[in-house]
Amino acid sequence: MRVVFIGAVVALTIFAVPRLVSQHAWIALGVAVAVTATLIYVYLSPKRIAARYLIPGTLLLLAFQVYPVAYTIGTAFTNYGDGHRMSQTQAVSELEADSVVERPGAPRYELSVATKDSVSTGPIVFFLTDPQGRVERGDSHGLTAVPDAQVTKDPDTGKVVRAPGWTILNGIQVNARAAQLSTFAVPVEGGFIKSVGLSEAFIGERTLRYDVATQIMTDTRTGVAYRPKAGTFVAADGSGRVLPIGWKTDVGLRNFAAVVTDPSIRGPFLRVLAWTVAFASLSVLTTFALGLGLALALDHPRLRGQRIYRSLLLLPYALPAFISLLVWQSMYNKDFGLLNRLLQTDIDWLGGIWTARGSILLTNLWLGFPYMFLVCTGLLQSVPSELKEAARVDGASSLRVFRSVTMPLLLVGIAPLLIASFAYNFNSYNTIKLLTDGGPFPPGNSTAGNTDILISYTFRLAFGGQGAQYGLAAAISLFIFMLVGLISFAGFRRTRALEEVYAA
C-alpha cells in the first residue's frame with residue numbers, strides 16, 4: 001500500500017509539473033516537489049514510522065487551515081478586487097489593447113483566420129483581402145503578399161476559403177480561440193491590423209502608449225499623462241481621472257484605516273457590528289434560557305414520559321438547519337405564510353427592520369434551544385443531590401436552592417459552551433442568508449442590510465453585485481477574528497475565575 005500510495009503521489013506530481021512550469025507558478029512547483037520528496041522519504045524509510053502518521057494530518061492542516069489564514073492576512077494588505085486582479089504588466093497590456101480605435105479613412109479587410117497543426121493550439125495567421133481583391137497573409141511579424149493562384153476565394157466577398165498548407169477556421173473554431181484573437185495583431189506602418197467579428201479586420205491605432213522607462217501611460221489624443229499610484233494610473237494634471245484597469249499591489253494599512261476613517265464604510269460597519277453583537281448575545285441568552293427552563297421542567301423525578309418529551313424536544317436539533325431555515329422563511333411569507341394565516345394578520349415579517357430582526361431571533365431560538373436543553377439536562381443530572389438536600393434541610397426554598405446551589409455549579413460547566421455558542425452565532429452566515437439575505441436594505445445602500453451580520457456583510461463586499469473588494473473583505477475578516485478572539489478570551493478568563501471560586 002505504501003508503494004501504491006507513493007506511486008500515485010509521484011504520478012500526480014509528474015502530471016502537475018509541466019502545467020505549473022507553463023504557468024510560471026514557481027512557488028507552487030517548489031511546494032509540489034518538496035511535498036513529494038518528503039512523502040517519498042518518510043514512507044520508504046524504515047525508521048520514520050511515527051512521521052507516517054503525522055505527515056498526512058500536518059499537510060492537510062497546512063493546506064486547509066494555515067494557508068487560507070495566511071492568504072487572507074496577505075490579501076488584507078492589498079487592493080485586490082475588481083479592477084485590481086492582475087499584475088501591472090498585464091494591466092498595461094489590457095489598457096493598450098482596450099484603447100485601440102480604427103484609423104479614420106482606412107479600408108477594412110475581408111478576414112479568414114487560419115492556422116497550422118492543431119486547430120485549437122496552432123499559431124494564428126490572418127488571410128486578408130483588401131477592397132481591390134489583393135490577398136495578404138498577416139502574422140505577428142507583419143504582412144506577406146499572397147498570389148491569387150495560391151488561394152481560393154469566395155466569388156462574392158473575396159474572402160479566402162482555402163489555402164494549401166493552412167487550415168481555415170470556421171466560426172465555431174474562431175469563437176473557441178476568442179481569447180487569443182483579442183490580443184493578436186498584425187503590425188503595419190503606424191498601427192496594426194485587428195479582427196472585428198468573425199469575418200472583418202481593420203487597421204487600428206492605440207490611443208494609450210506606455211513608456212517602460214518612466215512607467216507613464218500617455219493618452220495620444222489629449223496628451224494627458226497618467227502616473228502609477230496605488231495600483232492605478234492617475235492623471236498627472238490634477239483632475240483626479242484614473243484609467244479603468246488597475247493592478248494588484250500592496251496598500252499597507254489602507255483597508256484597515258478605511259474601516260475607521262471612511263464614512264461610507266465606517267457607518268455601515270459600525271451599524272452591522274452593533275447588530276451582530278446584539279444578535280449573537282440575544283441568541284445565546286434566549287436559547288440558554290429556554291433550554292434551561294425546559295431542562296428544569298423535565299428534571300422532576302416524578303414526571304412520567306421524560307424520555308418521550310426529551311426526544312421530541314431534540315427533533316429541531318436532528319433536522320438539517322438549512323431545511324428548517326427554508327421552512328421558517330416560507331412561514332414568514334407575507335401573502336401565504338403560515339404565521340399570517342394563523343394570526344389573521346398581514347405583517348411583512350421579513351420586510352421591516354425590527355420584524356425581520358425579531359423573526360431571525362425567533363428562528364435561531366428554534367434552532368438553538370435543543371442544544372442548550374441537551375447540555376443543561378446533562379449538567380443538572382451531574383449536580384450532587386446531597387448539596388440540594390442539605391440546602392433544603394437548612395430551610396432554603398426551591399428558588400433559593402436553584403440560585404445558590406444549582407445555578408453556580410451549572411455555570412461552571414456551561415460557561416465555555418456559552419462562549420462557543422456566542423462565537424458560532426457571531427458567524428451564523430446561513431441563518432441570515434437563507435432568511436433575509438441581509439435585507440431590508442437602507443435606501444441607497446445595497447451592501448450593508450439591516451439584518452446583515454459581519455460575516456454576511458463581508459461576503460457581500462467580496463462577492464456582491466457592487467463589485468468585489470477582496471482586500472477590504474479580508475481586512476474585515478481579521479477584525480471579526482480579533483473581536484471574537486477578545487470576547488472569547490475575556491469569557492474564558494471569567495470562566496476560570498468561576499472554577500477557582502467554586503473549587504475553593
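## A four-stranded sheet

Two strands count as paired if DSSP finds at least two bridges between them. In this predicted model, strand β14 (residues 225-229) and β15 run antiparallel and are joined by four bridges. One contact to look for is Arg 227, whose bridge partner in β15 is Val 234.

Stepping back, these strands belong to an open sheet of four strands, ordered β12-β13-β14-β15 with antiparallel pairing. Its edges are β12 (208-211) and β15 (232-235), each pairing on one side only. On average, neighbouring strands are turned by 35° against each other, direction ignored. Helix α4 (residues 88-98) packs on this sheet and touches β12, β13 (216-219), β14 and β15. The direction of α4 makes about 150° with that of β12.

## The largest nonpolar core

Now to the helices. The largest nonpolar core has 37 residues, and those touching the most other members are Phe 269, Phe 288, Ile 414, Phe 426, Leu 454, Tyr 457 and Ile 476. Two or more residues each come from α7 (254-261), α8 (263-297), α13 (353-382), α15 (398-426), α17 (454-463) and α18 (470-503). Helix α8 gives the largest share, nine residues.

Ile 414 is a nice place to zoom in: leaving aside residues up to four places away in sequence, Ile 414 touches Phe 288, Met 372, Val 375, Cys 376 and Leu 379.

## Annotated transmembrane regions

An unreviewed UniProt entry lists residues 26-44, 51-70, 272-296, 308-328, 360-380, 401-424 and 470-492 under "transmembrane region". In the model, residues 272-296 are 100% helix and 0% strand, with end C-alpha atoms 36 Å apart. Residues 401-424 are also 100% helix and 0% strand, and their end C-alpha atoms lie 32 Å apart.

Conventions: Residues are numbered from 1 along each chain as its sequence is written. This is a predicted model: local features need pLDDT of at least 70, side-chain atom pairs count only at pLDDT 80 or more; totals for chains, interfaces and linings use all residues. Side-chain values use heavy atoms; hydrogens and water are left out. A nonpolar core is a set of buried Ala, Val, Leu, Ile, Met, Phe, Trp, Tyr and Cys residues joined through side-chain atoms within 4.5 Å. Buried means under 20% relative accessible area, exposed over 50%, partly exposed in between (1.4 Å probe, protein chains only). Contact means heavy atoms within 4.5 Å. UniProt positions are given in the numbering used here, feature names are shortened, and annotations may be inferred rather than shown by experiment. Axes are lines fitted to C-alpha atoms, for helices over the stretch in contact, and angles run from 0 to 180 degrees between N-to-C directions.
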